[in-house]
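I opened this entry to look up a few residues and the elements around them. I go from the loops and helices to the core, then to the ligand.

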Amino acid sequence: MVTYILNHEVEKVHGLYFTRDTQTPLNFYKFYPGDPDKDGKPPRLWVSIKAERLQHYVADNGENLQAFATDCIRELYPDIDKRIRETVVQYNGYITPEFPTGQIRRVSEFLATQEAGPKNIYYVGDYLSGAGTGCSCAIGRRTGRLVARHWQE
Ligand SMILES: Cc1cc2nc3c(=O)[nH]c(=O)nc-3n(C[C@H](O)[C@H](O)[C@H](O)COP(=O)(O)OP(=O)(O)OC[C@H]3O[C@@H](n4cnc5c(N)ncnc54)[C@H](O)[C@@H]3O)c2cc1C
């Protein structure tokens, strides 16, 4: 992952996630607004490289990751160099995002089974909803309501 601190305003969060079918070596990129005076965070851009491509840079101590990511993002935003104030490179393998093919279908089938009728064990956790704290809380609330419904019948 390469984080770019930007020298201009970002109006709202925006970006793109790419599927495996796309030619780009990027996982996703995302622009975030920020105001150091208000929330301590500057406007920034995250660029995440697909795991397969990243392994090469991890093995190479992350050398040239910044140049590689900048080349990729420049294809989408030709004027990006003018907009960058600072760059932070993270190349630890353990935070490399991976999106397993077919996982959404498997999770949806699992949830349909869990929701079909009363169970002795109910499963919750971010892996059933999405990779974030909000998702984890949402599946907890949803499952809580499900348990109440199943066991009052
Ligand atoms: C580096 C990193 C950065 C992240 N940044 C963000 C972020 O900015 N914003 C955001 O929304 N989310 C972020 N996340 C994701 C967020 O942390 C998770 O989505 C959230 O913590 C999931 O909550 P959970 O309760 O489902 O699971 P967890 O928080 O993983 O809780 C599971 C708990 O179960 C315990 N456990 C596991 N196995 C057993 C066992 N056999 N017996 C007893 N206990 C067990 C574990 O020790 C753990 O305490 C980040 C995650 C990582 C790794």
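**Entry 1: I121.** I began with I121, which sits in the loop between α5 (103–116) and α6. The model is a predicted one. Is I121 buried or exposed? I counted 5 other C-beta atoms within 10 Å of I121, so this residue is exposed; the cut-off for that class is 12 or fewer. I also looked up its separation from N64: the two are 57 residues apart in sequence, and their C-alpha atoms are 48 Å apart in space.

**Entry 2: the helices on either side of that loop.** I took α5 before α6. With 14 residues at 1.5 Å a residue, α5 should span 20 Å, and its end C-alpha atoms are 20 Å apart, which agrees. How many of the 14 residues of α5 are buried? I found zero, and I note α5 as hardly covered.

I repeated the check on α6, residues 133–152. Its 20 residues should span 28 Å at 1.5 Å a residue; I read 29 Å between the end C-alpha atoms, and that agrees. Of the 20 residues of α6, one is buried, so I put this helix down as lying largely in the open.

**Entry 3: V147.** I picked V147 as a residue of helix α6. V147 has 12 C-beta neighbours inside 10 Å and therefore counts as exposed; exposed means 12 or fewer, so V147 is right on the limit. I then looked up V147 against N120: they are 27 residues apart in sequence, with 9.8 Å from C-alpha to C-alpha.

**Entry 4: domains and the loop at P100.** I checked the domain assignment, which gives domain 1 as 2–95 and domain 2 as 103–152. The C-alpha centres of domain 1 and domain 2 lie 33 Å apart. P100 is in the loop between β5 (84–89) and α5. I found 7 other C-beta atoms within 10 Å of P100, so P100 is exposed. Between the C-alpha atoms of P100 and P43 I read 30 Å; these residues are 57 apart along the chain.

**Entry 5: Y4.** I moved on to Y4, in strand β1 (residues 2–6). Why does Y4 count as buried? Y4 has 24 C-beta neighbours inside 10 Å, and the class needs 20 or more. Leaving aside neighbours within four places in sequence, I list R44, L45, I84 and T87 as the contacts of Y4. I also took the separation of Y4 from N120: they are 116 residues apart along the chain, and their C-alpha atoms are separated by 48 Å.

**Entry 6: the nonpolar core.** Which residues make up the largest nonpolar core? I list 11 in all: V2, Y4, L26, Y29, L45, V47, I49, L54, L65, A69 and I73. The elements that give two or more residues to this core are β1, β3 (26–32), β4 (44–49) and α3 (65–76). For background, I note that nonpolar side chains tend to be buried together in soluble globular proteins. I looked up the contacts of Y29 as well: not counting residues up to four places away in sequence, Y29 touches G15, L16, L45, W46, V47 and I73.

**Entry 7: the ligand.** I finished with the shell around the ligand, which has eight residues. The closest are G125, D126, G132, T133 and S136. By class, I sorted the shell into two nonpolar, five polar and one charged.

Notes: Residues are numbered from 1 along each chain as its sequence is written. This is a predicted model: local features need pLDDT of at least 70, side-chain atom pairs count only at pLDDT 80 or more; totals for chains, interfaces and linings use all residues. Domain bounds come from an automatic or database domain assignment. Helices (H or I, at least four residues) and strands (E, at least two) are DSSP runs, numbered from the N terminus. Two residues are in contact if their C-beta atoms, placed from the backbone, lie within 7 Å. A nonpolar core is a set of buried Ala, Val, Leu, Ile, Met, Phe, Trp, Tyr and Cys residues joined through C-beta atoms within 7 Å. A residue is near a molecule or strand if its C-beta atom, placed from the backbone, lies within 6 Å of it. Ala, Val, Leu, Ile, Met, Phe, Trp, Tyr, Cys and Pro count as nonpolar, Asp, Glu, Lys and Arg as charged, and the others, Gly among them, as polar. The expected span of a helix is 1.5 Å times one less than its number of residues.
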